[in-house]
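Please read the points below alongside the sequence and the coordinates. They are set out as a colleague's note, one topic to each point.

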Amino acid sequence: MIHSLFLINCSGDIFLEKHWKSVVSQSVCDYFFEAQEKAADVENVPPVISTPHHYLISIYRDKLFFVSVIQTEVPPLFVIEFLHRVADTFQDYFGECSEAAIKDNVVIVYELLEEMLDNGFPLATESNILKELIKPPTILRSVVNSITGSSNVGDTLPTGQLSNIPWRRAGVKYTNNEAYFDVIEEIDAIIDKSGSTVFAEIQGVIDACIKLSGMPDLSLSFMNPRLLDDVSFHPCIRFKRWESERVLSFIPPDGNFRLISYRVSSQNLVAIPVYVKHNISFKENSSCGRFDITIGPKQNMGKTVEGITVTVHMPKVVLNMNLTPTQGSYTFDPVTKVLTWDIGKITPQKLPSLKGLVNLQSGAPKPEENPSLNIQFKIQQLAISGLKVNRLDMYGEKYKPFKGVKYITKAGKFQVRT
Amino acid sequence: MPYLGSEDVVKELKKALCNPHIQADRPRYRNVIQRVIRHMTQGVDMSSIFMEMVKASATVDIVQKKLVYLYMCTYAPLKPDLALLAINTLCKDCSDPNPMVRGLALRSMCGLRMPGVQEYIQQPILNGLRDKASYVRRVAVLGCAKMYNLHGDSEVDGALVNELYSLLRDQDPIVVVNCLRALEEILKHEGGVVINKPIAHHLLNRMPDLDQWGQAEVLGFLLRYQPRSEEELFAILNLLDSSLQSSSPAVVMAATKLFLVLAKEFPHVQTDVLVRVKGPLLTACSSESRELCFAALCHVRRILRSLPGHFSSHYKKFFCSYSEPHYIKLQKVEVLCELVNDENVQQVLEELRDYCTDVSADLAQAAIFAIGGIARTYTDQCVQILTELLVLRQEHITSAVVQTFRNLVWLCPQCTEAVCRALPGCEENIQDSEGKQALIWLLGVHGETIPNAPYVLEDFVESVKAETFPAVKMELLTALLRLFLSRPAECQDMLGRLLYYCIEEEKDMAVRDRGLFYYRLLLTGIDEVKRILCSPKSDPSLGLLEDQAERPVSSWVSEFNTLVPMYSKACWAAISSLQVSESRGLEAMGTGVLSTSGSLVSENKEELQPLSDSGSFLLVPNGQLTAEQFEKTWLSLEVAHQEVLPWQGVAHPDTIQTALQMVNIQPIALSKAGVQPWKAYLSAQDGAGCLFLTELLLDPEHSQVHLSVKQSQDKTEALNSFISVLKTVIGTIVDIKS
């Protein structure tokens, strides 16, 4: 299925290659570079490129391209999803998925790729099983290893692969039995000039961290399960139970995993927690313009909106900006024309604003379109959809676990047009 | 560390590997080996220390073993004689008590890409298949496939295949999936692994145990199984129901395809399935991963072909966000254009209007063309938006708008007046060939209603020497000649100058020939020129070719969840020539027809004019009969003419129907694509009221189509004309196909 994999950085160096079947020459990547040249921006390279003998399916993650070489017809989503899983695994192992991290750990990277694919087919991709096969590098461990001479690899077979439930190993033991759930919701929205919502929806996930001994059988119920529009499940969840009773019933994997992801898309249910007042104008035949934005809270259910950052891609003709923030700090990069305003928290008494003048290239025509504002924010202890966990019950084991649920709301692709 | 040339590095490492002190100290020994691997991955040639590395594999340290195996697999093809030494060690490791070592050794042995290794690996693989550790069995099963690939074309080992089939019952789910994968490769010349009823049901029962990759692949293999009865079919669908709800988009897509294929006899089930996966697809469309998003959008477009209104209520999902890459934005614009209905048309148009001024010229033009597509239904609103865009005086925008106008005027004649009012002034802002051609065409065809048309064309004639695109010159010749017919006084002089230039000075042969052709045509007299050049100014029926009518799900289901929706099939067929079965190839051509329909229009335009304008023989459009009337008339008449024409491939009723309707031949009944025997009944009527009834019977074995025509009045001349029209149409369809 996947013949070879090339990792390419933004400046076009192939810094890692791995072949599962015969060796495919690096020159196959020339087709990729050609496509990259054609696309004005590196990020605009289409994910599927055809070459005379192969197809190249690539993903772009953290300024790296993962380019896979395909020789037979494949389901594209399968390959794309797998490549993302590879990147996720690197992230998981090295803390970041960057060229430096991969080069530093090149030996582990090869070990991982060897275990994740055999003959081009995905084998072990579950993080907890991989970690038993190949121990992730930590500073402490490498020190210990160099003293004791013990290896980086488990020399026993991961037991999980032999249990009847593929995602859980047998014989798990913890002294503190804990089960934590994070309900994380991201708001994707487009707000138009006048402040009305063009489009809004919530993408939610429930991530779990389960450290429970034995074979616990959990069921998680919600106060308002009907809220969830479109739910997709971890394979451990019993689908029939959800269909009949709207209860999540499952034997959990050990460790961290994503329990469900869901969507809330009916627009009247999506609260928009911030509003923006903006006045951005460029005068005809003049080399300056005005810029004035103010941000305020709205529909935030009494919680504080924090970690606010506003990013604006200004038009090409903007040379520089002279602005004064009432709160936080701003930077303007005259090369990429990106304005970033780091605000922090909103206090309703004094709304943060950023105003000033924009210097334009003299003689250039006035920009046709006003820039869009991209906004990032966070609200702790609130699921903006109103989703609430009702209770968590455990069967099959005798001990009393410690349970916790945390809610957090974030901005996803939150865009305000001006 | 001081900088060392690669040779020095190799020497130094070689020395370190031989040093008994280092060999005795495990961490240090491993460290040296890690450095070897590091250099190897950076492309330094490390093959000269192969001997030393083979020695290093004799260790209890599993990491060290792994690294050495990695090294050996890379360099074995370069050092086949030394690699045999390595095989010895590997064979020994294949019977190590630790299953992990056994697995690793076996995998590395199968990975040695060198000739002659098969005889050594056969026995360890066979042992591995019966190993008690599932880890080893997984490796051994795939090892069978690798061994087969090393053999090349040699015969398939029946015993091995049977063993693999029996391993499909293995306890370990990954061994099961690996067996399928291995069998698929080994049996690829025989059409891959066979899925019979027991295997299919066994796999269905194992589904819940598999990981997402396994599930996705097994769903793909299950496509080969055809349930015997309706009950069995629905039992299978029930079992797989939860796959449609999986968190992995790959599984959802694979399951959707399986559902659509299995339920091909039950269109309502297919529709239900598409409704069910609407949610997961929409989630994928707004996924964090832009590549997933792109793939999902491509599939949404496929689905929209069969269920045009399917995503209409979610149209806002397809609004572009500022930070998305272009390839996603372009897909979204295409989708938006297909989602329009009475309720959302206003919002969608406003949104598209915003994209028209995007910094990216590609996106702006795509948005303008999308508005042009919507204009076929909502003409007035769209023409107004497009007219307003002209005010911006941007080259790429004006060019795209004028091109859209040209197509619109052809398809929706009612907007001609508005377009003609908008045109003056455009010529200043058009530089590219496509835009110029469109503008010149409009000026030529509708010149009599645009006051300054001759003067605009005059400017083009003045600068014709500097014109770089031959296509523009051709268009200019035709347009000026047409305009000359309606406004001779203003055009005569410049037509003369243009013809003079084209004939005497032009270097491009095609343009010169066209000039000569028109010159000679003018010599035959103005009436003749009018007869030949003045074709109808619009023909909405041509829109049928472009506006693909709703297509059944089965027309695209075989391409669902493949690379085809993301890339044109024709390219793929060329690449994987070994697996192109005939039916696939033909389908590729089918899609080719539709994807290039844009250019078809312009070709057909010229091709079909003589047909409908030949004067002496004309088919009239109102020759519609009901099926009963047709049958009655058919039975009452004698066969007037019979003929056999060449034909290739399956018949695509849509294409045929569309093509026939363009020349006013009315299909009464058509068989579905692929049905044997394929038949079609057609009726047509000429100006004199004579009916022509036709039966087409496809004979795929001899690549022929049998044609029998019956006639209500006995007129040989009309019959011959009708048959020639029909033959041209069939010829055109066959041409398109090949």
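1. Helix H17 of chain B, residues 278-285, is largely enclosed by the rest of the structure, because 7 of its 8 residues are buried. Burial here stands for a relative accessible area under 20%, and the residues of H17(B) that meet this cut-off are B:Lys278, B:Gly279, B:Pro280, B:Leu281, B:Leu282, B:Ala284 and B:Cys285. Please keep in mind throughout that this is a predicted model.

2. Which elements do the buried residues of H17(B) pack against? Within chain B these are helix H15 (249-262), helix H16 (267-276) and helix H18 (290-306), and they are joined by strand E13 (255-264), which belongs to chain A. The surroundings of H17(B) are thus drawn from both chains.

3. As background for that helix, the secondary structure of chain B amounts to 37 helices and 6 strands, and 55% of the 738 residues in chain B count as buried. When the contacts in chain B with a separation of 6 or more are considered, 65% of them are between residues 24 or more positions apart.

4. The size of an interface is often expressed as the accessible area that is lost when the parts come together. For chain A and chain B the buried area is about 7800 Å², and carbon and sulfur atoms contribute 56% of that area. On the side of chain A, the three residues A:Tyr55, A:Glu73 and A:Leu77 provide 10% of what this chain buries against chain B, which is more than any other three residues provide. In terms of residues, the contact involves 92 from chain A and 88 from chain B.

5. How many salt bridges are counted between chain A and chain B? The count is 8, and a salt bridge is found between the side chains of B:Glu351 and A:Arg417, with an N to O distance of 2.7 Å. Polar contacts between chain A and chain B come to 24 residue pairs, with both residues at pLDDT 80 or more.

6. On the side of chain A that touches chain B, helix H2 of chain A (residues 76-94) gives the largest share, with 8 residues. By residue class, this side of chain A consists of 39 nonpolar, 30 polar and 23 charged residues.

7. Turning to the domain assignment, chain A is divided into domain 1 (2-148), domain 2 (178-263 + 386-404) and domain 3 (274-380); domain 2 is therefore given as two segments by the assignment. The centres of domain 1 and domain 3 of chain A, taken over C-alpha atoms, are separated by 38 Å.

Conventions
Residues are numbered from 1 along each chain as its sequence is written. Chains are lettered from A and ligands numbered from 1 in the order in which they are written. This is a predicted model: local features need pLDDT of at least 70, side-chain atom pairs count only at pLDDT 80 or more; totals for chains, interfaces and linings use all residues. Side-chain values use heavy atoms; hydrogens and water are left out. Contact means heavy atoms within 4.5 Å. Buried area is the accessible area (1.4 Å probe) that two parts lose on being put together, summed over both. A salt bridge is a side-chain nitrogen of Lys or Arg within 4 Å of a carboxyl oxygen of Asp or Glu. A polar contact is a pair of N or O atoms within 3.5 Å; within protein, one must be able to donate a hydrogen and the other to accept it, and residues adjacent in sequence count only if both atoms are side-chain atoms. Helices (H or I, at least four residues) and strands (E, at least two) are DSSP runs, numbered from the N terminus. Ala, Val, Leu, Ile, Met, Phe, Trp, Tyr, Cys and Pro count as nonpolar, Asp, Glu, Lys and Arg as charged, and the others, Gly among them, as polar. Buried means under 20% relative accessible area, exposed over 50%, partly exposed in between (1.4 Å probe, protein chains only).
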